[in-house]
Amino acid sequence: MPEQAGSYNSIVLDHFNHPRNMGEMDRPDGVGQATNPACGDTMRLFIRVERNRIAEAKFLTFGCAAAIASSSITTEMIQGKTVEEILMITKEMVSEALGGLPPTKIHCSVLAEDAIRAAVADYRNKDSSPHPSPLEGEGKDEGRGKKGKRS
Ligand code: FES
């Protein structure tokens, strides 16, 4: 790509040219979107959570090479980790996992950090919503012949 390709290392270029886990996720457990106010670039992160661990992660990013590479490596970094563990991931860790970003592109990894937090917030918000229980209502009709146990 013409965009400063010479200043990116081979890890960044690999993730940019062959992004991992790119695309939309059908019925994710959490979706987080982040926009870089400096440039308007946007990342959307989808997570599927099983037993409090990230079972699957996908992304859609409209942005520069560093943003796409950061998004790609972030999906690899968070898979298998707990929800609490991924909240500890910082932009510096994303940049480090990419072998470093050019100084003018460090801010691009902020998208990943922000998208993780937004996806977890969305997951926790959905997870705390009331789930209808199949047992709901049981025990409320004790007056209809299901008297409570005597103790
Ligand atoms: Fe916008 Fe990289 S220039 S995220």
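This section describes backbone geometry and burial at selected sites of a predicted model.

Two asparagines stand out by their backbone angles. Most residues other than glycine have a negative phi. Asn21, not a glycine, nevertheless has a positive phi of about 60°. Asn21 sits in the loop that runs between helix 1 (10-17) and strand 1 (30-35). Its surroundings hold 19 other C-beta atoms within 10 Å. A residue is buried if that count is 20 or more, so Asn21 is classed as partly exposed.

Asn52 also has a positive phi, of about 70°, and is likewise not a glycine. Asn52 belongs to the loop between strand 2 (42-50) and strand 3 (53-62). The cut-off for an exposed residue is 12 or fewer neighbours. Asn52 has 12 C-beta neighbours inside 10 Å and therefore counts as exposed.

Helix 2 spans residues 65-78, a run of 14 residues. The distance from its first C-alpha to its last is 20 Å. This is close to the 20 Å expected at 1.5 Å a residue. Of the 14 residues of helix 2, 13 are buried, so the helix is largely enclosed by the rest of the structure. Gly80 follows helix 2 and has a positive phi, near 90°.

Ala38 was examined in the loop between strand 1 and strand 2. Ala38 has 9 other C-beta atoms within 10 Å and is therefore exposed. In sequence, Ala38 and Cys108 are 70 residues apart. In space, their C-alpha atoms are 9.6 Å apart.

Conventions. Residues are numbered from 1 along each chain as its sequence is written. This is a predicted model: local features need pLDDT of at least 70, side-chain atom pairs count only at pLDDT 80 or more; totals for chains, interfaces and linings use all residues. Helices (H or I, at least four residues) and strands (E, at least two) are DSSP runs, numbered from the N terminus. The expected span of a helix is 1.5 Å times one less than its number of residues.
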